[in-house]
Amino acid sequence: MRIGVVTFPGSLDDRDALRAIRLADAEPVALWHGSHDLDGVDALVLPGGFSYGDYLRAGAIAAHAPIMSEVVDAAGKGMPVLGICNGFQMLTEAHLLPGGLIRNDVGTFVRRDQALRVEQTDTAWTNGFTHGQEIVIPLKNGEGGFIASDEELDRIEGEGRVVFRYLGVNPNGSLRDIAGVSNERGNVVGLMPHPEHATELGFGPDTRDAMRSGTDGLTFFTSAIRALQAV
Amino acid sequence: MPTIVVDVMPKAELLDPQGKAVAGALTRLGNTDITGVRVGKRFELTTSGPVDDATLEQVRGIAVDLLSNSVIEDVVGVSVIDGPTVSTEAAPAETVAP
């Protein structure tokens with residue numbers, strides 16, 4: 001199983017995503033934004049960071065990168081695609097996911113270990129969770145406010161495409177506490193928090209058991225492997 | 001050389017965290033008569049040749065496809081001025097709806 005991670009100018013978390021894929025027992029494949037080659041990968045991750053310095057709008061310029069035509073194509077054919085933070089912003093800008101992300105309502109960058117509720121387990125990236133499961137993974141963003149029109153929000157809620165909701169604290173003013181959404185088919189998922197930073201003992205969020213022992217993010221990647229094996 | 005100006009604003013019904021932050025600063029500075037601020041974007045595009053209807057049509061397309069995101073923003077104006085804005089004296093020569 002080969003899972004690619006696309007590096008854009010200004011990507012920050014591409015190496016963490018590659019590492020998370022390896023920890024999930026898949027083969028990580030580094031991909032480059034300026035290429036048109038997906039290198040035969042089975043799934044894709046668009047990582048976090050500040051591509052093009054967030055100029056114009058977060059993710060807007062990266063959404064027009066050369067490799068994005070192949071990403072859009074592959075997503076349309078059902079390939080699992082995960083957008084994390086800046087990658088989520090790119091997927092909304094590329095119209096693969098609904099809604100948009102604006103500056104945090106609190107007016108500051110926010111970094112915290114964030115509790116989420118898994119609302120939809122019938123996706124390529126969440127099938128290893130149980131419905132309603134509470135997980136904790138890091139969140140760090142300045143433009144994480146998820147917004148869409150009321151009609152659009154009603155539609156995606158009705159279609160079961162709200163995949164994650166913030167629990168306890170809504171850190172950025174996201175409407176209806178939405179932290180992550182999927183496309184209709186469930187192969188494309190985007191979220192603001194960072195599963196790739198919660199995949200290894202000693203480096204994740206604190207848990208009741210021990211400091212930095214949270215590995216809830218690993219299930220995202222093992223879910224994708226499971227989805228691919230089921231095909 | 002003419003310059004095409006594209007103005008983009010956050011959708012009226014949506015929160016504008018930037019505008020709120022600026023409004024808060026103005027209040028703290030004593031401008032109690034200022035009741036709200038909204039922050040948008042102004043793009044100035046220069047062309048290699050004269051601006052005609054086809055150019056404006058092209059720019060309206062660019063404005064919708066790249067310069068703005070219709071989920072969160074509206075293109076509120078596409079207009080032509082004589083040259084790049086260098087002072088507040090430059091005024092729109094022609095204004096057309098987006």
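# A walk through chains A and B

C85(A) sits in the loop that runs between β4 (81-84) and α3 (86-93) of chain A. I begin with this residue, and I should say at once that the model before us is predicted. The phi angle of C85(A) is positive, about 55°, although the residue is not a glycine. Is C85(A) buried or exposed? C85(A) has a relative accessible area of 7%, and because the limit for a buried residue is under 20%, C85(A) counts as buried.

A second residue of chain A invites the same reading. D25(A), which is not a glycine either, has a positive phi near 75°. D25(A) belongs to the loop between α1 and β2 (27-32) of chain A. Here the relative accessibility is 72%, and D25(A) counts as exposed. To put the two side by side, C85(A) is buried, whereas D25(A) is exposed.

Let me turn to H197(A). This histidine lies in the loop between β11 (188-191) and α5 (218-230) of chain A. With a relative accessible area of 14%, H197(A) is buried. Which residues does H197(A) touch, once its neighbours within four places in sequence are left aside? The contacts are D13(A), D16(A), P138(A), K140(A), F203(A), G204(A) and P205(A). With one of these, D16(A), the side chain of H197(A) makes a polar contact of 3.1 Å. I would also point out G214(A), which is 17 residues from H197(A) along the chain; the C-alpha atoms of these two residues are separated by 9.2 Å.

On the surface of chain A there is a nonpolar patch of about 290 Å², made by L12(A), F50(A) and F109(A). Of these residues, L12(A) can be placed in the loop between β1 (2-7) and α1 (14-23) of chain A.

I come now to the charged pairs. How many salt bridges does a search of the whole structure find? Over all chains, the search finds 20. I have chosen three of them to describe.

The pair E73(B) and R57(A) forms a salt bridge whose closest N and O atoms are 3.7 Å apart. This pair crosses between chains: E73(B) is in strand β3 (residues 73-81) of chain B, and R57(A) is in the loop between β3 (43-46) and α2 (66-76) of chain A. Both E73(B) and R57(A) are buried.

The next pair is within chain A. The side chains of D73(A) and K77(A) meet in a salt bridge, with 3.4 Å from N to O. D73(A) is partly exposed, at a relative accessible area of 44%, while K77(A), at 64%, counts as exposed.

The last pair is E157(A) and R165(A), whose side chains meet in a salt bridge of 2.9 Å, N to O. E157(A) has 28% relative accessibility and counts as partly exposed; R165(A), with a relative accessible area of 15%, is buried. These two residues also belong to a network of salt bridges, in which R117(A), E119(A), D154(A) and R176(A) are linked with them.

Let us move to chain B as a whole. Chain B has two helices and four strands, and their order along the sequence is β-α-β-α-β-β. Chain B has 98 residues, and 32% of them count as buried. If one takes the contacts in chain B between residues at least 6 apart in sequence, 72% of these join residues at least 24 apart. The exposed area of chain B is about 5,900 Å², and carbon and sulfur atoms supply 56% of that area.

Finally, I would ask you to look at helix α2 (residues 53-67) of chain B. Which residues of this helix are buried? They are T55(B), L56(B), V59(B), R60(B), A63(B) and L67(B). Around the axis they cover an arc of only 140°, and they therefore lie on the same side of α2(B). The face turned away from this buried side carries the exposed residues A54(B), E57(B), Q58(B) and D65(B). At the start of α2(B), a side-chain oxygen of D52(B) comes to within 3.2 Å of the backbone nitrogen of A54(B). A54(B) thus appears twice in this account, once among the exposed residues and once beside D52(B) at the start of the helix.

Technical notes: Residues numbered from 1 in each chain as written. Chains lettered and ligands numbered in written order. Predicted model: local features only at pLDDT ≥ 70, side-chain atom pairs only at ≥ 80, totals over all residues. Heavy atoms only, no water. Buried < 20%, exposed > 50% of the residue type's maximum accessible area, 1.4 Å probe, protein only. Contact = heavy atoms within 4.5 Å. Areas by Shrake-Rupley, 256 points an atom, 1.4 Å probe, with all protein chains shown as cover. Patch = residues over 30% accessible without salt bridge, like charges linked within 9 Å, V, L, I, M, F, W, Y side chains within 5 Å. Salt bridge = Lys/Arg side-chain N within 4 Å of Asp/Glu carboxyl O. Polar contact = N/O pair within 3.5 Å; in protein donor to acceptor, adjacent residues only side chain to side chain. Arc of directions from axis to C-beta.
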